[in-house]
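Colleague: I have a model open on my screen and would like to learn how to read it feature by feature. Could you walk me through it?

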Amino acid sequence: MDIKTFKVEEWMNEHEKTALYNIADTCVNTLSLDELFTLTGTNKYEFFDGISGQKLGYGHIQGSPDYKNGICKLYKSLKPENIISTNGAAGANYLVFYSLVNPGDRVISVTPTYQQLYSIPESFNADVQYLRLKPENNFLPDLDELKKLITKNTKLICLNNPNNPTGALIPETMLKVIVNIADGAYVLCDEVYRGLNQNDDYQPSIADIYENGISICSMSKIFSLAGLRLGWIASKNQEAIEKCLRHREYNIISCGMIDEILASLALKNADIIIKRNKKILKENLHILNEWIKRQKHYSYVKPRSGTTALIFYDFSMTSKDFCEKLQKEKGVFLTPGFCFDIENCARIGYAGQKAELIKGLEKLEEFAIELERAGF
Ligand SMILES: Cc1ncc(COP(=O)(O)O)c(C=O)c1O
């Protein structure tokens, strides 16, 4: 089966290793196990002693009770039977499309977003329609356009809230209007950055506010544990959950037992880890925001949530040339807008190490001065 190249993943694979200043990463400064144990006040020797005698069978096929109970605490109305453990959010998104989408079904996806949300259903010969998010709307969906795209044949609407790459945050009132427009169609909301907001308001999940809502999430961003490769699907729609489980048996059987034990520890201490991560995000966005205020050639829509933003530049060059030249001459690694089908911009991931962000921004500023001098 044919599928388009996953542009952002291809770019990351090719450029990550040679970067001097990586300000492209989308995780919040990832944790080592030692850091996880320190943060959560866990004695690592006792912890490993406690698990080293366990037999490494398949574990709990659909996800361990500790893991699923920990996930339920992130929602207001979900029970363990509403949750499926998956191989990251990437595995969760794939499983939902694989289980629910038939050729010819209409699937409406916001864009720019994580490419899985439209390229996978396209590969299944679904009738995929794009709902374009525009800077003039603060990258929020245009609901009149959504109404025009909805047909009786609409199986799924795909949202990503908070949005990667723009950092836009759909408010609860707007989510509820979208649910009304969906009129029974599934709404898949990729929520891997849920709760990483700049203000402290509670951010509802689609699975709590809509019976046919499907929440996709993972340990990667909110908990800074991408290396566990663990995520989940959450929905109150039991038919959707059962279809996903049926397809999942052909695919992963179960997730890693040890990974789920580590994830359960993080989930048990969710408040501590989220507090740490929000602090990093607030401090780093402040640095980015102060920097952008001084810039003549760069601008952005200030992100409200998540770990990323699109930085627009006013030079006449493609985003691919811009990022390649930037990395070659300054060692700074950004992700070009073309990976999200949007030009004259690059995505920054500002949630990494503070010193690297500061240095990377300094180099990005130097780059602009040199491009101006060279007449771009
Ligand atoms: C919006 C979005 N969804 C899914 C993923 C995949 O995340 P995971 O590491 O949980 O597979 C990413 C990773 O960058 C993402 O940004």
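Colleague: How many bridges pair strand 3 with strand 4, and is the sense parallel or antiparallel?

Modeller: Strands of a sheet pair through backbone hydrogen bonds, in either a parallel or an antiparallel way. Keep in mind that this is a predicted model. Here strand 3 (residues 106-111) and strand 4 (residues 127-132) pair in the parallel sense, over six bridges. One of the pairs is Thr 111 with its bridge partner Arg 132 in strand 4. Five of the six residues of strand 3 are buried, so the strand is largely enclosed by the rest of the structure.

Colleague: What kind of peptide bond joins Thr 111 and Pro 112?

Modeller: Most peptide bonds are trans, and most residues other than glycine have a negative phi. The bond between Thr 111 and Pro 112 is cis, with omega about 5°. Pro 112 sits in the loop between strand 3 and helix 6 (116-123). Another cis bond runs from Asn 164 to Pro 165, with omega near 20°. Pro 165 lies in the loop between strand 5 (154-160) and helix 8 (172-182).

Colleague: And the phi angles? What is the value for Phe 139, and where is that residue found?

Modeller: Phe 139 has a phi near 60°, which is positive although the residue is not glycine. Phe 139 belongs to the loop between strand 4 and helix 7 (143-149). Asp 341 also has a positive phi, near 60°, and is found in the loop between strand 12 and strand 13.

Colleague: Are these two buried or exposed?

Modeller: Count the C-beta neighbours: 20 or more inside 10 Å make a residue buried, and 12 or fewer make it exposed. Phe 139 has 23 such neighbours, so it counts as buried. Asp 341 has 14 and therefore counts as partly exposed.

Colleague: Let me try a strand again. Which way do the residues of strand 7 point?

Modeller: In a regular strand the side chains alternate between the two faces of the sheet. In strand 7 (residues 213-218), Gly 213, Ser 215 and Cys 217 point one way, while Ile 214, Ile 216 and Ser 218 point the other way. Six of the six residues are buried, so strand 7 is largely enclosed by the rest of the structure.

Colleague: Which strands does strand 7 pair with?

Modeller: Strand 6 (residues 186-190) runs parallel to strand 7 and is joined to it by four bridges. Within that pairing, Cys 189 has Ser 215 as its bridge partner. Strand 8 (residues 231-235) pairs with strand 7 in the antiparallel sense, over five bridges, and there Ile 214 is partnered by Ser 235.

Colleague: What surrounds the ligand?

Modeller: There are 13 residues around the ligand, and Gly 88, Ala 89, Ala 90, Ser 218 and Ser 220 come nearest. Helix 5 (residues 88-100) gives the largest share of this shell, three residues. By class, the shell has five nonpolar, seven polar and one charged residues.

Colleague: How should I read a helix? Which residues of helix 13 are buried?

Modeller: An α-helix has 3.6 residues a turn, so residues three or four places apart point the same way. In helix 13 (residues 319-330), the buried ones are Ser 319, Phe 322, Cys 323 and Leu 326. Seen down the axis of helix 13, they fall within an arc of 90°, so they line one face of the helix. They pack against several elements, among them strand 10 (308-313) and helix 14 (354-373). After helix 13 comes Gly 331, with a positive phi near 75°.

Colleague: Strand 10 came up there. What is the order of the strands in its sheet?

Modeller: The order is 9-10-13-12, an open sheet of four strands with antiparallel pairing. Strand 9 (298-300) and strand 12 stand at the edges with a single partner strand each, so one side of each is left without a neighbour in the sheet. Three bridges join strand 9 to strand 10, and Ser 299 has Phe 312 as its bridge partner in strand 10.

Conventions. Residues numbered from 1 in each chain as written. Predicted model: local features only at pLDDT ≥ 70, side-chain atom pairs only at ≥ 80, totals over all residues. Near = placed C-beta within 6 Å. Helix = DSSP H or I, 4+ residues; strand = E, 2+ residues; numbered from the N terminus. Nonpolar A, V, L, I, M, F, W, Y, C, P; charged D, E, K, R; others polar. Pairing = 2+ DSSP bridges. Expected span 1.5 Å × (residues − 1). Arc of directions from axis to C-beta. Contact = placed C-beta atoms within 7 Å.
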